[in-house]
Amino acid sequence: MSSQSVLHAPHSARDSVVAPVVSVLGTIATFFTVIGQARNAQSTYERLMRLSDAELAAMGLNRNDLARYAFDSAFDKR
C-alpha cells in the first residue's frame, strides 16, 4: 500500500498501518529514555564513589548503599 493510498484509506486500514509504527517509535523512545537513566545512574554512582566515608555519612549513606541509591535516583524510585 503506497503512502498516498494509506492517507486516503478507510480509517481502519490507516490504523492498521499507523498503530504498529507508533508502537515501534514508542519502543525506541522508551529504549533511549532508559539508556539516559542508566547513564545518570552511572554518573551518580561515580560521583558518590569519589566522596569520603564522612561525606557519605553526612548524606545518610555508606558505600554499600551507593549502587541502590544511584539506581533509585536515576529511575525515579526515591
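What follows is a chat about a predicted model of one chain, going from its overall make-up to single residues.

Me: How many helices and strands are in the chain?

Reply: There are 4 helices and 0 strands, where helices (H or I, at least four residues) and strands (E, at least two) are DSSP runs numbered from the N terminus. From the N terminus on, the elements run α-α-α-α. Residues are numbered from 1 along each chain as its sequence is written. Because this is a predicted model, local features need pLDDT of at least 70 and side-chain atom pairs count only at pLDDT 80 or more, while totals for chains, interfaces and linings use all residues, and side-chain values use heavy atoms, with hydrogens and water left out.

Me: Which helix has the lowest mean pLDDT, and which the highest?

Reply: Helix α1 (residues 3–7) has the lowest mean among the elements, at 54, and helix α3 (residues 53–58) the highest, at 97; pLDDT is the predictor's confidence in each residue, from 0 to 100. The chain averages 87, and 82% of the residues score at least 70. Where pLDDT is low, the predicted coordinates should not be read in detail.

Me: What share of the chain is buried?

Reply: Buried residues make up 18% of the 78 residues, with buried meaning under 20% relative accessible area, exposed over 50% and partly exposed in between (1.4 Å probe, protein chains only).

Me: And which residues make up the largest nonpolar core?

Reply: It consists of 5 residues, namely Leu48, Leu51, Leu56, Leu61 and Leu66. A nonpolar core here is a set of buried Ala, Val, Leu, Ile, Met, Phe, Trp, Tyr and Cys residues joined through side-chain atoms within 4.5 Å. In soluble globular proteins, nonpolar side chains tend to be buried together.

Me: What is Leu48 in contact with?

Reply: Leaving aside neighbours within four places in sequence, Leu48 is in contact with Leu56, Met59, Leu61, Arg63, Leu66 and Tyr69, a contact being heavy atoms within 4.5 Å. The C-alpha atoms of Leu48 and Tyr69 are separated by 9.6 Å, and the two residues are 21 apart along the chain.

Me: Where is Tyr69, and is it buried, partly exposed or exposed?

Reply: Tyr69 is found in helix α4 (residues 66–74), and because its relative accessibility is 22%, Tyr69 counts as partly exposed. Thr44, which lies in helix α2 (residues 11–49), touches both Tyr69 and Ala70, not counting residues up to four places away in sequence. Thr44 itself counts as buried, because its relative accessibility is 16%.

Me: Which residues of α4 are buried?

Reply: Leu66, Ala70, Asp72 and Ala74 are buried in α4.

Me: An Asp in that list? What does Asp72 pair with?

Reply: Asp72 forms a salt bridge with Arg68, the closest N and O atoms being 3.4 Å apart, where a salt bridge is a side-chain nitrogen of Lys or Arg within 4 Å of a carboxyl oxygen of Asp or Glu. Both residues lie in helix α4, 4 residues apart, which is about one turn of the helix. Asp72 counts as buried because its relative accessibility is 12%.

Me: How many salt bridges are there in the whole structure?

Reply: The search finds 2. Asp53 also forms a salt bridge, with Arg63, the closest N and O atoms being 2.8 Å apart. This pair links distant parts of the chain, with Asp53 in helix α3 and Arg63 in the loop between α3 and α4, 10 residues apart. Asp53 is exposed at 51% relative accessible area, whereas Arg63 is partly exposed at 33%.

Me: Changing topic, how many aromatic pairs are there?

Reply: The structure holds 2 aromatic pairs. Phe31 and Phe32 form an edge-to-face pair, 5.2 Å centre to centre with 75° between the planes. The rings of Phe71 and Phe75 have their centres 4.6 Å apart and their planes at 25°, so that pair is stacked. Rings of Phe, Tyr and Trp (its six-membered ring) pair if their centres lie within 6.5 Å, and planes under 30 degrees apart count as stacked, over 60 as edge-to-face and the rest as tilted.

Me: What does Lys77 contact, and where is it?

Reply: Lys77 is found in the segment after α4 and, leaving aside neighbours within four places in sequence, is in contact with Phe71 and Asp72. Lys77 is exposed, with a relative accessible area of 54%, while Phe71 is partly exposed at 34%.
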